[in-house]
Amino acid sequence: MFKKRLFICLVWIVSFFFLNTAVTPAQKKGQLNQFRQLYPELPTPNAYRTASGAPGPEYWQQRADYDMSIELDENKLRIYGTETITYFNNSPVKLQYLWLQLDQNIRAKDSMREKIGSGRISDTMSFRGLERIHSDFDGGFKIEYVKDEKGTNLHCKVVNTMMRVDLPQALKPRSQYSFKVKWWYNINDRSKIGGRSGYHYYEKDGNHVFAIAQFFPRMAVYNETEGWQHKQFLGSGEFTLPFGNYKARITVPSDHIIGATGVLQNADEVLTGPQKARLKDARDATGHTVIIVTEDEAVQNEKERVDTKSTWIFKAENVRDFAFASSRKFIWDAMAVKFGERTVLAMSFYTKEGNPLWEKYSTKAVAHAIKVYSKFTFDYPYPKAISVLTGSGGGMEYPMIAFNGGRPEPDGTYSEGLKYSLIGVIIHEFGHNFFPMIVNSDERQWAWMDEGLNTFLEYLSEQEWEREFAERNGPAYTITEYMKGEKKYISPIMTAPDSDLHVGSNAYAKTAAGLNILRETIMGRELFDFAFKEYARRWKFKHPTPADFFRTMEDASGMDLDWFWRGWFFGTDHVDLAIDNVKWYKVNTMEPELAKSVEWEKKNRNRKRYISNIRNKKEIKETALEKDKSLADFYDEYDPLEVTPLDEKEYKKYLASLTEEEKDLLKAGHNYYEVAISNIGGMVMPVILKFKYSDGSEEVKRIPAEIWRIYNDSVSKIFVTKKEVRYITLDPFLETADVDTRNNNWTVQEEPDYFKVKKIKRRPEKNLMQLIKEKK
Ligand SMILES: [Zn+2]
């Protein structure tokens with residue numbers, strides 16, 4: 001009994017081992033399969049957010065409306081404001097307090113960022129760097145009061161960049177509460193202190209360009225996944241904001257021109273007759289820009305300052321933020337963009353220092369991006385989109401308005417790099433209207449959800465701008481240097497930006513490259529575009545989480561992408577697939593001549609190679625047999641490759657055992673290539689192989705990543721072809737971010753090996769019923 005069982009086990013082990021080695025060695029002990037589902041990493045679906053990635057039947061979100069009066073003091077470089085916030089509690093729970101964001105406090109003297117900022121002295125320091133260390137700028141909100149509607153002070157507590165406002169009575173579900181905040185702050189010089197907002201001073205004419213944002217206490221987001229999102233603002237993690245309606249009265253010197261979120265309500269009061277007429281022309285103009293404030297007028301404007309003030313009134317609906325730019329230096333142009341059923345006004349505000357680049361490209365880049373982004377998501381829903389020249393580099397996004405840097409040399413010349421980076425940054429910052437301004441993700445926690453998706457669409461827009469547009473981010477090959485770097489310093493994409501050393505590489509570049517790989521290689525354009533659009537459509541004017549994105553991409557495409565999210569978003573492994581070996585085989589048809597030579601070759605292959613190089617063979621002058629011919633017999637003379645009647649008989653017997661179909665298969669003359677591929681990097685990917693045949697033709701075979709689903713480390717696959725293969729290249733178009741392509745090429749051996757095809761009959765299971773019957 002025991003013996004019998006042992007025997008059975010042995011058979012099973014042997015057959016398992018055989019299968020195993022025939023395919024691949026097993027993965028490392030204890031290693032978890034990369035194709036296991038993502039259940040532990042994702043939140044449990046519920047009535048708010050469903051397993052399909054769509055908002056559920058009980059989805060809710062809060063709302064905050066703002067009514068603001070703002071005054072900009074150009075002499076003191078200060079901004080003053082009062083706001084009435086009306087907060088709508090759409091949640092099913094009572095709120096005892098509200099949290100607001102005081103982002104300006106990052107520049108307060110005792111700010112947390114100042115305290116936790118680390119630094120080193122290097123051999124050479126820039127003056128700007130040194131000035132920053134010495135800066136005693138008195139930034140941060142000076143909150144004058146927080147009052148309820150009746151004018152009673154509300155208790156509040158400032159916690160670094162956050163402020164808790166305690167309510168006299170808990171705010172009930174489905175009710176609203178209005179309160180007032182009054183504040184002012186000193187505006188920072190962006191060229192010295194940096195920051196997403198601030199002013200730029202033009203020394204030559206003594207004027208400023210104000211780029212004003214994060215300038216009012218803003219409601220934090222309260223939702224069912226985070227509660228209050230009041231993670232401190234430390235600089236990298238951007239903003240998490242609820243939607244609402246805004247009304248802003250902005251008072252500035254009356255020679256200023258303002259570009260802002262929302263629609264201007266009092267053009268009659270703040271624009272001149274000609275300006276209004278030109279703005280009307282721009283609304284009718286498509287295909288070309290109309291200048292509303294000309295360069296000559298701007299130059300005239302900046303020559304002296306006026307003492308009078310004007311108040312510009314803007315209204316914006318269903319936006320998550322408000323920003324504006326103001327200067328007497330502004331040139332202003334606009335152009336109507338017609339697409340689908342809609343007409344949107346694309347506009348630019350820039351100084352003469354931005355020309356000739358800005359008048360040529362800015363508004364047209366915005367117009368271009370409106371169309372391309374709308375195609376991949378949904379029609380851009382806001383009435384306008386503004387690009388403002390605010391500094392010398394970089395950009396920052398707000399609803400309907402973006403601050404962009406990049407201007408030519410004083411003589412008007414510019415480099416090729418500047419041209420493309422400016423067009424790129426304008427497209428990118430406009431693109432943020434979609435992610436996160438409308439598809440309103442939590443930037444403080446998941447930078448990739450806006451930066452990555454936006455960088456991906458920026459890449460697609462750039463490709464549609466110009467065929468040879470230099471790719472900064474997007475294609476898989478652009479991320480390999482980062483991904484093969486020192487893993488100690490690399491975090492997964494799913495890391496909050498303030499804890500990530502490589503926000504740029506992770507949130508922007510790696511995410512964008514990952515989406516490109518999904519679109520071009522894993523899902524294909526049709527499936528990807530459908531699913532991506534579905535995600536944008538589902539979460540337009542809502543707050544998605546990472547799981548909502550991952551789930552929607554799977555739900556709409558019918559693909560299980562858990563392995564990809566796990567490797568690319570939750571992991572830090574890089575991609576390095578390698579061709580380990582390619583074996584070339586042909587079928588041994590058993591025709592006697594071939595069968596004999598194959599057999600002889602197999603037996604003597606090693607001996608032949610050994611003999612061909614052996615020295616003592618040459619040193620032996622004469623062998624016994626050479627000296628004495630009488631020693632020879634049959635075996636010294638017969639030809640081992642000669643076909644005998646016995647061989648013919650065997651062959652006939654073999655043929656007789658085959659069906660016609662089996663005979664055809666035997667004689668078809670196929671080449672069989674067994675390609676062994678290993679996964680060195682850890683991140684699995686589709687296997688893309690280019691076969692170059694001996695007749696010079698080429699063929700590309702694409703194998704889904706699921707080939708790795710059982711063995712993550714190495715696999716082998718058989719390819720059958722009538723043609724003979726000379727070379728095989730893995731990832732020939734650099735689609736998969738493979739960091740080492742030196743192990744991706746293989747030259748196939750010159751001679752094939754042959755294999756026999758036998759009829760293997762399954763041994764039938766013992767039929768006990770029959771045996772017992774026979775015994776009887
Ligand atoms: Zn961005």
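Strands here are DSSP runs of E with at least two residues, and helices are runs of H or I with at least four, both numbered from the N terminus. By that count the protein chain, which is a predicted model, has 23 helices and 31 strands. Its radius of gyration is 36 Å, well over the 28 Å that the globule rule gives for 776 residues, so the chain is more spread out than a compact globule. Along the principal axes, the C-alpha atoms fill a box of roughly 130 × 75 × 55 Å.

Some totals describe the chain as a whole. Of the 776 residues, 50% are buried. The exposed surface of the protein chain comes to about 39,700 Å², and carbon and sulfur atoms supply 52% of that area. Among contacts between residues at least 6 apart in sequence, 76% join residues at least 24 apart.

Individual residues show how these totals look locally. Trp-332 belongs to strand β19, which spans residues 331-339. The relative accessible area of Trp-332 is 3%, and because buried means under 20%, the residue counts as buried. Apart from residues up to four places away in sequence, Trp-332 touches Ile-257, Leu-271 and Leu-279, then the run Val-290, Ile-291, Ile-292 and Val-293, and on the other side of its own position in sequence Met-347, Ser-348 and Phe-349. Phe-210 is 122 residues away from Trp-332 along the chain, and the C-alpha atoms of the two are separated by 15 Å.

Leu-357 is a second buried residue, with a relative accessible area of 0%. Leu-357 lies in helix α8, residues 357-376. Leaving aside neighbours within four places in sequence, Leu-357 is in contact with Ser-362, Pro-408, Tyr-414, Leu-418, Lys-419 and Leu-422. Arg-407 is 50 residues from Leu-357 along the chain, with 7.0 Å between their C-alpha atoms.

Lys-204 is an exposed residue, at 84% relative accessibility. Its place is the loop between β8 (198-202) and β9 (207-212). In sequence Lys-204 and Asn-160 are 44 residues apart, and in space their C-alpha atoms are 38 Å apart.

Two helix pairs can be followed next. Helix α11 (residues 447-465) packs with helix α15 (residues 546-557) at an angle of about 45°, and their axes are 9 Å apart. The two helices are therefore oblique to each other. On the α11 side the contact is made by Trp-448, Met-449 and Leu-453, and on the α15 side by Pro-546, Phe-549 and Phe-550. Sorted by type, the residues of this contact are six nonpolar, no polar and no charged.

Helix α13 (residues 503-522) and helix α14 (residues 525-539) form the other pair, with an angle of about 130° and axes 6 Å apart. That angle makes α13 oblique to α14. Leu-515, Leu-518, Arg-519 and Glu-520 of α13 meet Arg-525, Phe-528 and Asp-529 of α14. What types of residue make up the contact of α13 with α14? They divide into three nonpolar, no polar and four charged.

The backbone also deserves a look. Most residues other than glycine have a negative phi, and most peptide bonds are trans. Against that background, the peptide bond from Asn-355 to Pro-356 is cis, with omega near 10°. Pro-356 sits in the loop between β20 (342-350) and α8, and α8 is the helix that holds Leu-357. A cis peptide bond also joins Phe-435 and Pro-436, where omega is about 15°. Pro-436 is found in helix α10, residues 433-438.

Positive phi values occur at Arg-174 and Leu-734. Phi of Arg-174, a residue other than glycine, is near 55°. Arg-174 lies in the loop between β6 (162-171) and β7 (175-186), and at 65% relative accessibility it counts as exposed. Leu-734 has a positive phi of about 55° and is likewise not a glycine. The loop that holds Leu-734 runs between β29 (725-730) and β30 (745-747). With a relative accessible area of 42%, Leu-734 is partly exposed.

Note on methods. Residues are numbered from 1 along each chain as its sequence is written. This is a predicted model: local features need pLDDT of at least 70, side-chain atom pairs count only at pLDDT 80 or more; totals for chains, interfaces and linings use all residues. Side-chain values use heavy atoms; hydrogens and water are left out. Axes are lines fitted to C-alpha atoms, for helices over the stretch in contact, and angles run from 0 to 180 degrees between N-to-C directions. Angles under 35 degrees count as roughly parallel, over 145 as roughly antiparallel, 65 to 115 as roughly perpendicular and the rest as oblique. Contact means heavy atoms within 4.5 Å. Ala, Val, Leu, Ile, Met, Phe, Trp, Tyr, Cys and Pro count as nonpolar, Asp, Glu, Lys and Arg as charged, and the others, Gly among them, as polar. The radius of gyration is taken over C-alpha atoms; the globule rule is 2.2 Å times the number of residues to the power 0.38. Buried means under 20% relative accessible area, exposed over 50%, partly exposed in between (1.4 Å probe, protein chains only). Accessible areas come from the Shrake-Rupley method with a 1.4 Å probe; for residues, only the protein chains shown count as cover.
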